[in-house]
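Thanks, everyone. I'll take two topics today: one strand with its neighbours, then the aromatic rings.

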Amino acid sequence: MTILILCWSFSNGQQLDLDRRLSLDLDTTLEGFLDILDEHHDVNFSYNPDKIDLNTRVRYKTKKTSLRKIMKEVSQKANFQWEVMEKQIIIQDVATQKKPLEPIEKPKNFFVIQGHIKDKSSHETMIGATVYHKGLSVGTITNEYGFFSLRLPEGQHRLHISFIGYNESIIEISLNENKTLNHDLEFNEALLDEVEITDEELMDYQILDPMKAVKIRSVEVDRIPKYLGESEPIKALTSYPGLQSHGDGSVYFYVRGGQRDQNLILLDEAPIYVPAHLLGFFSSITTDAIKDLEVYKSDVPAEKGGAISSIIDIQAKNGNLNHFSTNGSISPFATRWALEGPFKKEVASYYLSMRSSHVKWLIPRNQRSSTELGFGDVYAKVNWKLGDHHRLYWTFYAGNDELSRIGTGLGNFGLNWNNSTITLRWNHIFSQRFFANYTFYGSQYNYNLITSSENNQFWNERITNSSFKADYSFFKDPNNTIRYGFQFKGHLFNPGNLNFTDSSDFITPIVPERAAGHRIFYFSQEKKWSNKWAFRYGIRYNAWVNRGPTIIYRFNEGQVIRADTFHTNRVFHKFRNLEPRLSLSRRLDSSSTIKLSYNHKVQYLQLLTNTTSPFTSLAVWMPSGPNIKPQKSHDLVLGYYKSFKGKWNITSEVFYRRLENQIDYVDHPNLLLNPLIEGELRQGHTNAYGIECNVEKNFGQNSGRLGYSYNRAIMQINDLNNGNPYSAFQDRPHQISFLLNHKISEKWTVSLMWNYLTGAAYTTPVGFYSYLGQQVPYYGDKNNDRLPAYHRLDVSSVWKLGRKKDAKWKHDLTLTIYNAYGRRNPSFLNFNKFQSDNGFSIPLDLIESYRFTPTTISFLGFIPSLTYNFKFR
């Protein structure tokens with residue numbers, strides 16, 4: 001708390017002193033004069049470079065002269081006028097009057113414009129819309145609820161409101177009191193191909209957004225070739241550098257050397273622990289339900305946490321407040337249907353989306369009657385305006401999968417799993433500059449391995465989480481935003497136990513369940529020093545508490561030394577951690593920026609799995625405790641960003657990440673029905689580093705992007721690999737992604753995406769020896785080999801049906817070819833045995849007879865699909 005008070009005092013205690021005396025001896029341009037005062041004398045300026053002649057020569061020499069007099073004399077020589085606005089000097093337009101200009105020093109009244117920016121058609125609030133004042137070179141960006149607050153001096157103002165793909169609006173407003181401005185922007189699809197951002201808009205956006213995150217809207221996901229006919233927002237992420245796919249067809253991914261459980265996916269604030277359908281072939285989130293998707297690979301804001309690699313923050317659609325509409329799709333694998341509309345216009349709305357699979361045709365015909373295979377999900381949201389200052393949101397999501405055999409000689413067996421979340425949020429505007437959001441959510445993941453449905457016998461793993469969170473935002477002025485809040489969480493863990501009706505015939509070990517509480521407090525400030533400099537700092541405090549009832553086994557070098565029993569609500573272990581966050585941004589010119597960030601993050605949940613298969617939904621979640629230390633990361637990132645009026649964007653980032661308390665396993669670990677599961681774990685560290693580059697073209701008939709990343713992830717655990725470093729499974733150095741969208745006509749668009757990845761690291765035998773007539777593999781270093789390189793080309797073609805652009809009924813056909821050139825990317829590698837006259841043998845390389853040859857299994861080859869999409873409004 002003391003730190004927060006000191007930070008607050010520092011940010012509010014520095015006032016501009018016009019009577020401060022300076023000594024100068026300059027012969028430079030006006031831009032050089034302003035830079036010298038900015039960098040060497042802490043005088044902050046704000047100006048529009050297009051309205052001021054920055055090349056005007058300034059020759060000025062003085063000794064111990066007040067800043068007030070210096071500004072007055074230089075403004076007369078360079079022909080500009082200036083005024084003091086709080087803690088900075090605003091340089092106004094070039095003066096045209098013949099008489100000398102006097103500085104405007106009289107105090108001004110300041111007022112606040114606040115409101116929401118919305119889509120004109122649906123009245124969905126818009127995240128990341130820009131509200132910009134060109135004359136004063138100040139602006140802001142709407143938050144995740146479409147809210148903005150901008151503090152300006154009294155007088156006449158012209159505001160420019162814009163968002164990519166929407167017609168820009170120019171609003172004239174007379175400001176003599178605090179005002180509310182709720183404005184609608186109109187979508188214009190043609191503008192997606194005609195992007196142009198002025199230098200001053202770009203300059204201010206770069207300063208307002210201190211460290212870029214990957215932002216994806218549903219319209220952008222639709223431009224990426226669909227996966228088996230389905231739009232996959234999670235899989236679309238792997239088309240960006242630094243986000244690497246787990247394998248062919250898998251929804252799981254890795255970010256900058258981290259493991260897959262270190263990526264947290266949030267749907268309207270609630271976590272989705274396993275975002276997979278059909279063993280990972282499809283993701284749990286459908287594109288039609290998404291309003292905004294943002295990926296934080298680095299520089300995570302202090303209000304977000306819980307994962308040390310990345311956070312995927314998904315904001316779902318609220319529902320149309322104006323009129324009813326429906327949309328859907330039919331593909332060979334699934335049918336989707338969604339509808340939205342108002343309960344009461346401009347007051348309350350709903351959104352409902354449902355999806356059901358039809359994939360049993362993939363099963364051999366003679367097995368279909370005895371097999372259940374499929375998935376489904378439902379998403380619902382209600383949005384209710386309770387006046388000008390209150391709004392409620394209710395969100396529900398449920399997804400379910402089934403894979404089972406029935407009526408067989410072995411009885412009924414199989415597996416099923418499900419995700420479910422529920423969220424209730426309340427927005428409240430306390431004042432023109434003070435915004436609050438309160439969130440309650442619940443989330444659960446269940447996995448059942450059914451060994452006998454007749455006997456109600458199944459293995460169950462489960463994680464449950466509930467939370468209350470309060471977030472506050474104070475928009476002090478256009479250059480200063482303060483955020484703070486708190487969160488209380490509760491967790492319940494079942495690491496996996498066998499359930500059955502009659503226990504008399506079974507003696508099975510019981511894996512103790514776990515419970516934990518988590519308290520979080522955070523504070524952050526975003527500050528724009530001048531037109532060139534901006535920074536964001538924050539601190540996040542974590543208190544993690546393990547509670548009973550449970551049994552904790554104590555280990556010494558992997559051996560059990562004792563077992564401790566704790567009763568209900570008994571606290572038996574605690575962790576406390578601080579997570580500092582800092583980013584610094586420096587504008588080089590009107591179109592380029594360099595940024596530096598440092599993040600320290602902590603994660604208390606661990607996913608235990610000893611399989612590298614991309615097709616699995618088995619997830620054993622365990623909390624940090626006496627035997628498992630929380631995972632930590634230290635991230636350092638340096639980035640360079642260049643934009644050519646928004647038409648071409650270049651991004652390059654160099655990063656170093658140290659991951660502490662990383663988990664790996666002893667040889668042949670037992671993770672099922674093992675009360676001593678923590679004894680199978682070993683912890684060490686990972687050093688990850690690399691460079692990521694991305695070039696985007698956002699206009700014209702041909703648009704797309706080209707990305708490359710070089711990433712390394714080297715693990716070291718004292719008890720494994722003789723304590724020597726080794727490549728982690730996710731150590732895949734080279735990644736190339738290429739996306740091209742070609743607009744042949746207004747009705748016909750073709751897209752292609754090509755991905756390349758270095759093969760994943762894995763362990764192979766270095767030799768074999770014979771023991772009692774059996775061949776036994778002999779292993780050397782861990783992860784001493786690599787799978788073949790992964791690459792794949794997907795092609796998609798969209799043909800719009802119908803003739804009228806403004807028709808109420810719109811539909812199209814999408815032809816998708818997955819893996820167009822039929823690359824057989826291996827998903828598994830085995831040293832398979834085959835039967836001969838002499839018994840079972842492992843295949844030999846016939847050319848080099850002493851070398852054993854592994855066999856690989858590939859699942860997905862060339863797969864075409866045709867999808868029909870429709871929309872009615």
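Buried, here, means under 20% relative accessible area. Keep that cut-off in mind. The model is a predicted one.

Start with strand β25, residues 348-357. How many of its ten residues are buried? Seven, so by that cut-off the strand is mostly covered.

Now its neighbours. Strand β24 covers residues 334-344 and runs antiparallel to β25. Ten bridges join the two. For one register point, take Pro 342: its bridge partner in β25 is Ser 349. The link between β24 and β25 is a hairpin, with three residues between the strands. Look at Glu 346 in that turn: its phi is positive, about 65°.

Next, strand β26, residues 371-385. This strand also pairs with β25 in the antiparallel sense, over nine bridges. A register point here: Arg 355 stands opposite Asp 377 in β26.

On to the rings. A pair of aromatic rings is described by two quantities, the distance of the centres and the angle of the planes. Searching the whole structure gives 34 aromatic pairs. One of them is Trp 544 with Tyr 604. The centres are 4.9 Å apart, the planes are at 0°, and the pair is stacked.

Where do these two residues sit? Trp 544 is in strand β33, residues 533-547. Tyr 604 is in the loop between β37 (592-603) and β38 (605-608). The pair therefore ties together parts that are 60 residues apart in sequence. And are the two buried or exposed? Both Trp 544 and Tyr 604 are buried.

A further pair is Phe 566 and Phe 572. Their ring centres lie 4.6 Å apart, with 20° between the planes. Planes under 30 degrees apart count as stacked, so this pair is stacked. Phe 566 has a relative accessible area of 9% and is buried. Phe 572 is buried too, at 13%.

Beyond pairs, there is a cluster. Which residues form it? Trp 426, Phe 430, Phe 434, Tyr 438, Tyr 472 and Tyr 484 make up one aromatic cluster.

Last, charges over rings. Arg 425 places its charged end over the ring of Tyr 393, 5.2 Å from the centre of that ring. Lys 595 lies over the face of Tyr 641, and the distance to the ring centre is 4.7 Å.

That's my set. Over to you.

Note on methods: Residues are numbered from 1 along each chain as its sequence is written. This is a predicted model: local features need pLDDT of at least 70, side-chain atom pairs count only at pLDDT 80 or more; totals for chains, interfaces and linings use all residues. Side-chain values use heavy atoms; hydrogens and water are left out. Buried means under 20% relative accessible area, exposed over 50%, partly exposed in between (1.4 Å probe, protein chains only). Helices (H or I, at least four residues) and strands (E, at least two) are DSSP runs, numbered from the N terminus. Two strands pair if DSSP finds at least two bridges between them. Rings of Phe, Tyr and Trp (its six-membered ring) pair if their centres lie within 6.5 Å; planes under 30 degrees apart count as stacked, over 60 as edge-to-face and the rest as tilted. A charge sits over a ring if NZ of Lys or CZ of Arg is within 6 Å of the ring centre and within 35 degrees of the ring normal.
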